[in-house]
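Pull up the model, colour it however you like, and let's take a walk through it. We'll stop at a handful of residues and see what each one is doing with its surroundings.

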Amino acid sequence: TGLLYSTMSSSEELAAYLITLKLVTTVSQFSQAPFYSKLPVFNGLRVKGNLIGLTENTSKSIFKSLLVFVIGISALFFLGDYLLEIIGSNTKLESAPFIILMAFVWFFERHHAMHAQIYVTTNKIPFYKTAIISGIINIGLMYVLVPRIGVWGFPVSLAISNMVINNWWNVKISLKSIQQSFIPYFSKSALIPLVILVVLASIRLFII
């Protein structure tokens, strides 16, 4: 995306996008720890056929991981530019609305990625198919949208390509593998972090 955007933006616009993208992805990667550190435990529970234990452990780990993500990304859209000023950076982040859009896109991407890992404990890995589909859609949308709506085209393209398949299909097969329904599991794992993100994003957009 940085290479594509460099052909149609100023150096200042490109720098703002790249540092924003880097910080958002860093927050996302950091938030993986509470979940991915437990993968050996999840695999052990799957091998033992302990689906109740697998359900409880994965839902708690998803909750912790998404909560860490929400805290980190909220700090970014509340305090990002201020922190850059403290370290003497001449580059500013993208606007708060842009970062908030990225926050929701990456939140659901992190959510479906963890569900993919739950399904992988079955020793079946079908996700190369969905990666190809979503990747083609994402690239196609970027080439259509970015010339028209600028930098906003990147998160919008990613959001649409994920919604086409990854956001729901990964979750569907994951929950089927642990014999769980969506609403009860989502309520235990992702609902509270999502509500917190919605509240904080609303405060940033409409109050501050």
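What follows is a tour that goes from the buried residues out to the surface.

First, some ground rules. This is a predicted model, so local features need pLDDT of at least 70 and side-chain atom pairs count only at pLDDT 80 or more, while totals for chains, interfaces and linings use all residues. Residues are numbered from 1 along each chain as its sequence is written, and side-chain values use heavy atoms, with hydrogens and water left out.

Let's start with F35, which is found in helix 3 (residues 33-36). Helices here are DSSP runs of H or I with at least four residues, numbered from the N terminus (strands would be runs of E with at least two). Is F35 buried or exposed? F35 has a relative accessible area of 0%, so it is buried. Buried means under 20% relative accessible area, exposed means over 50%, and partly exposed is in between, using a 1.4 Å probe and protein chains only. Leaving aside its neighbours within four places in sequence, F35 is in contact with F42, T58, S61, I62, S65, M114, Q117 and I118; contact means heavy atoms within 4.5 Å. F35 and S59 sit 24 residues apart along the chain, and their C-alpha atoms are separated by 9.4 Å.

Two names from that contact list, F42 and I118, come up again at T121. This threonine lies in the loop between helix 6 (96-120) and helix 7 (127-149). T121 counts as buried because its relative accessibility is 8%. What does its side chain pair up with? The T121 side chain joins the side chain of R46 in a polar contact of 2.9 Å, and it also reaches the backbone oxygen of I118 at 2.5 Å. A polar contact is a pair of N or O atoms within 3.5 Å; within protein, one must be able to donate a hydrogen and the other to accept it, and residues adjacent in sequence count only if both atoms are side-chain atoms. Not counting residues up to four places away in sequence, T121 touches F42, N43, R46 and L54.

In the loop with T121 you'll also find N123, between helix 6 and helix 7. N123 is exposed, because its relative accessible area is 71%. N123 has a positive phi of about 70° although it is not a glycine. Q179 is another non-glycine with a positive phi, at about 60°. Look for Q179 in the loop between helix 8 (153-177) and helix 9; at 65% relative accessibility, Q179 counts as exposed.

Back in helix 6, have a look at R110. R110 is buried yet has no salt bridge, and the nearest side chain of opposite charge, E109, is 6.3 Å away. For charges, Lys and Arg count as positive and Asp and Glu as negative, with His and the chain ends not counted. A salt bridge is a side-chain nitrogen of Lys or Arg within 4 Å of a carboxyl oxygen of Asp or Glu. Outside its neighbours within four places in sequence, R110 is in contact with S28, S31, Q32, Y36, S65 and L66.

So how many salt bridges does the structure hold? There are two. One is formed by K188 and E56, with the closest N and O atoms 3.4 Å apart. That pair links distant parts of the chain, with K188 in helix 9 (residues 182-189) and E56 in helix 5, 132 residues apart. K188 counts as partly exposed at 39% relative accessibility, and E56 counts as partly exposed at 34%. In the other, the side chains of E85 and K92 meet at 3.8 Å, N to O. Both E85 and K92 are exposed.

Now to the surface, where L79, Y82, L83, I86 and I87 make a nonpolar patch of about 550 Å². Patches are made of residues with over 30% relative accessible area and no salt bridge, with like charges joined within 9 Å and nonpolar side chains (Val, Leu, Ile, Met, Phe, Trp, Tyr) within 5 Å. The accessible areas come from the Shrake-Rupley method with a 1.4 Å probe, and for residues only the protein chains shown count as cover. I87 lies in the loop between helix 5 (51-86) and helix 6, and at 65% relative accessibility I87 counts as exposed.
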